[in-house]
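Subject: Structure handover

Hi,

Here is the structure for your next round of work. Please open it first, then read the notes below.

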Amino acid sequence: MNYLVLFGPPGAGKGTQSDNIINKYGFAHISTGDVLRAEMKNGTELGKTAKGYIEAGKLVPDDLIVDMLAKSMDEQKDAKGIIFDGFPRTVAQAKALKQMLAKRGTDVTEMINLQVDDEELIARLVNRGKTSGRADDNLETIKKRLDTYNNETAPVIDFYEQDGKLCNVKGTGSVEEIFERICQIIDKH
Ligand code: B4P
């Protein structure tokens, strides 16, 4: 069973590359961003709470995300691998994931860190905003999301480096080239 953390700043291509990994390896996919957007669309209590944070470019509180993640993991008991897309986004979430997996007698297999510079990230997200209909894909909110990433999410890289799981991947170039780099890492494990 492969537990793959797909990590990177907003717009790094986590969702894009997850689709490729699912197609090739048949892993299950847990995207906290997708689950939150579904909750918002359905107008649930969680969705209503999450909306305020997401539209302000902030992170949704850890306790809500960890409960949501545990539920999604219970639904994926028989999968041959799981991609965690957009989770963990704080060191507290990384520690919670480690505990959840330890209860199953396992651990994260690898953490793939997609590296893309801010200029390219902003260009991608502004471009996605033209068609995504996402309230957080506008220049003002994108800049806040990058600040949030640098202040709260980037420290997760050190956590996985110390845990011996960090695999840096250059996240620029064509989608196919980046996918090839990711496959080399998955195949090694
Ligand atoms: P997410 O939904 O996780 O998404 P993202 O960071 O915006 O983007 P991603 O990296 O998946 O980029 P994509 O492939 O789409 O988060 C949204 C919000 O939800 C967060 O800001 C936060 O508020 C909340 N949230 C989610 N998880 C949370 C958690 N764990 N804790 C707390 N809060 C949480 O790619 C972006 C664009 O680039 C696309 O248009 C794509 O086509 C393009 N692209 C991709 N690869 C490319 C390439 N190689 N070249 C050119 N363009 C490329």
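Two strands count as paired if DSSP finds at least two bridges between them. Note that this is a predicted model.

**Sheet**

On that basis there is an open sheet of 5 strands. The order is β2-β3-β1-β4-β5, and the pairing is parallel. β2 (28-31) and β5 (166-170) are the edge strands, each pairing on one side only. From one strand to the next, the twist averages 20°.

At the β2 edge, 4 bridges connect β2 with β3 (residues 81-85). These two strands run parallel. S31 sits opposite D85 in β3.

**Helix pair**

Next, α4 (residues 62-74) and α5 (residues 91-103). Their axes come within 10 Å and cross at roughly 30°. Angles under 35 degrees count as roughly parallel, so α4 is roughly parallel to α5. The crossing of α4 past α5 is right-handed.

The residues that meet are:

- from α4: D62, I65, V66, L69, A70 and M73
- from α5: A92, Q93, A96, L97, M100 and L101

By class, this contact has 10 nonpolar, 1 polar and 1 charged residues.

**Loop residue G43**

G43 lies in the loop between α2 (32-41) and α3 (45-55). Buried or exposed? G43 is partly exposed: its relative accessible area is 35%, and the partly exposed class lies between under 20% for buried and over 50% for exposed. G43 and I21 are 22 residues apart in sequence. In space, their C-alpha atoms are 30 Å apart.

Best wishes

Methods
Residues are numbered from 1 along each chain as its sequence is written. This is a predicted model: local features need pLDDT of at least 70, side-chain atom pairs count only at pLDDT 80 or more; totals for chains, interfaces and linings use all residues. Side-chain values use heavy atoms; hydrogens and water are left out. Axes are lines fitted to C-alpha atoms, for helices over the stretch in contact, and angles run from 0 to 180 degrees between N-to-C directions. Angles under 35 degrees count as roughly parallel, over 145 as roughly antiparallel, 65 to 115 as roughly perpendicular and the rest as oblique. A crossing is left-handed if the near helix is turned anticlockwise from the far one by less than a right angle, and right-handed if clockwise. Contact means heavy atoms within 4.5 Å. Ala, Val, Leu, Ile, Met, Phe, Trp, Tyr, Cys and Pro count as nonpolar, Asp, Glu, Lys and Arg as charged, and the others, Gly among them, as polar. Buried means under 20% relative accessible area, exposed over 50%, partly exposed in between (1.4 Å probe, protein chains only).
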